[in-house]
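Here are some notes for a colleague who is meeting this structure for the first time. Please keep the sequence and the model side by side while reading the numbered points.

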Amino acid sequence: MKEPETAQIAEQGGRIVDELRSWGANYTEFTRRFATQLGLHSTDAAALVEILYAEDQGQPLSLARLSERVSLTSGATTALVDRLEKAGHIVRTRGEHSDRRVVTLRSGPEIGRAATEFFTPFANRMTTMMSSYPPELIGQFEEFLKDMRRTLTALLAEEYRENRPRERG
């Protein structure tokens, strides 16, 4: 690849990362507002959103997986789940996994209505926005985002295992 092409790709990559960062900040604010509506701390709401999303995908979370998703220690995750369960937002179940000791997290009976009410306008606007693009382009973008995630996941595993770049020697 020629140097001008490399520079152009680097600049474009920077703009894409900046847009994704901005979108992530907006999404964080969106979930903060969901938290406020429910009277929750933003971390609790983020965990609740992860539980709801996983359940919607047919892959309910265990405590350990939730801990990974929200970047909390197992003790902090247990305290968080205790608060959500006490508020009636989630329930813990057993027996969904081959190891009966594994606790699965499911949404409580009342939270579905609140989540649907809150997130439906978001889903509708995203659908409207995406429908203005050709399906092939959306498919390419989806693959592009998957590649970006895989690249960052590999970088974290290979280069930043100890929270800093691996020393070269």
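In what order do the three strands form the open sheet, and is the pairing parallel or antiparallel?

1. The model under discussion is a predicted one, and the points below should be read with that in mind. To take the question just asked, the strands are arranged in the order β1-β3-β2, the sheet they make is open, and their pairing is antiparallel. The edge positions belong to β1, residues 61–62, and β2, residues 90–94, and since each of these has a single partner strand, one side of each is left without a neighbour in the sheet.

2. The pairing of β1 can be followed at the level of residues. Two bridges join β1 to strand β3, which covers residues 103–107, and the sense of this pairing is antiparallel. Ser-62, for its part, finds its bridge partner in Thr-104 of β3.

3. The next place to look is the helix that accompanies the sheet. Helix α4, made of residues 74–86, lies across β2 and β3, and its direction makes an angle of about 115° with that of β2.

4. Between α4 and β2 there is a loop, and His-89 lies in it. Is His-89 buried or exposed? Its relative accessibility is 12%, and because buried means under 20% relative accessible area, His-89 counts as buried. When neighbours within four places in sequence are left aside, the contacts of His-89 include the leucines Leu-38, Leu-40, Leu-48 and Leu-84. Arg-106, Ser-107, Gly-108 and Ile-111 are also in contact with His-89.

5. Charged side chains deserve a point of their own. How many salt bridges does the structure hold? There are twelve salt bridges in the structure, and a few of them are described here. In general, side chains of opposite charge can pair when their charged atoms come close. One of the salt bridges links the side chains of Asp-18 and Arg-21, with an N to O distance of 3.3 Å. Both residues belong to helix α1, which spans residues 3–38, and they are three residues apart, about one turn of the helix. Asp-18 has a relative accessibility of 37% and therefore counts as partly exposed.

6. Helix α1 also holds Glu-29 and Arg-32, again three residues apart, or about one turn of the helix. Their side chains meet in a salt bridge with an N to O distance of 2.6 Å. Glu-29, at 27% relative accessibility, counts as partly exposed, and Arg-32, at 37%, counts as partly exposed as well.

7. A further salt bridge is formed by the side chains of Arg-113 and Glu-110, where the N to O distance is 2.7 Å. Returning to the previous point, salt bridges that share partners join Glu-29, Arg-32 and Arg-33 into one network. As for the other pair, Arg-113 counts as exposed at 60% relative accessibility, whereas Glu-110, at 47%, counts as partly exposed.

8. The last point concerns a nonpolar patch on the surface. Which residues make this patch? Leu-20, Phe-141, Phe-144 and Leu-145 make it, and its area is about 320 Å². Helix α6, residues 135–158, contributes the largest share of the patch, namely three residues. Phe-141 lies in helix α6, and with a relative accessibility of 44% Phe-141 counts as partly exposed.

Terms used:
Residues numbered from 1 in each chain as written. Predicted model: local features only at pLDDT ≥ 70, side-chain atom pairs only at ≥ 80, totals over all residues. Heavy atoms only, no water. Patch = residues over 30% accessible without salt bridge, like charges linked within 9 Å, V, L, I, M, F, W, Y side chains within 5 Å. Areas by Shrake-Rupley, 256 points an atom, 1.4 Å probe, with all protein chains shown as cover. Salt bridge = Lys/Arg side-chain N within 4 Å of Asp/Glu carboxyl O. Helix = DSSP H or I, 4+ residues; strand = E, 2+ residues; numbered from the N terminus. Buried < 20%, exposed > 50% of the residue type's maximum accessible area, 1.4 Å probe, protein only. Pairing = 2+ DSSP bridges. Contact = heavy atoms within 4.5 Å. Axes fitted to C-alpha atoms, helices over the stretch in contact; angles between N-to-C directions.
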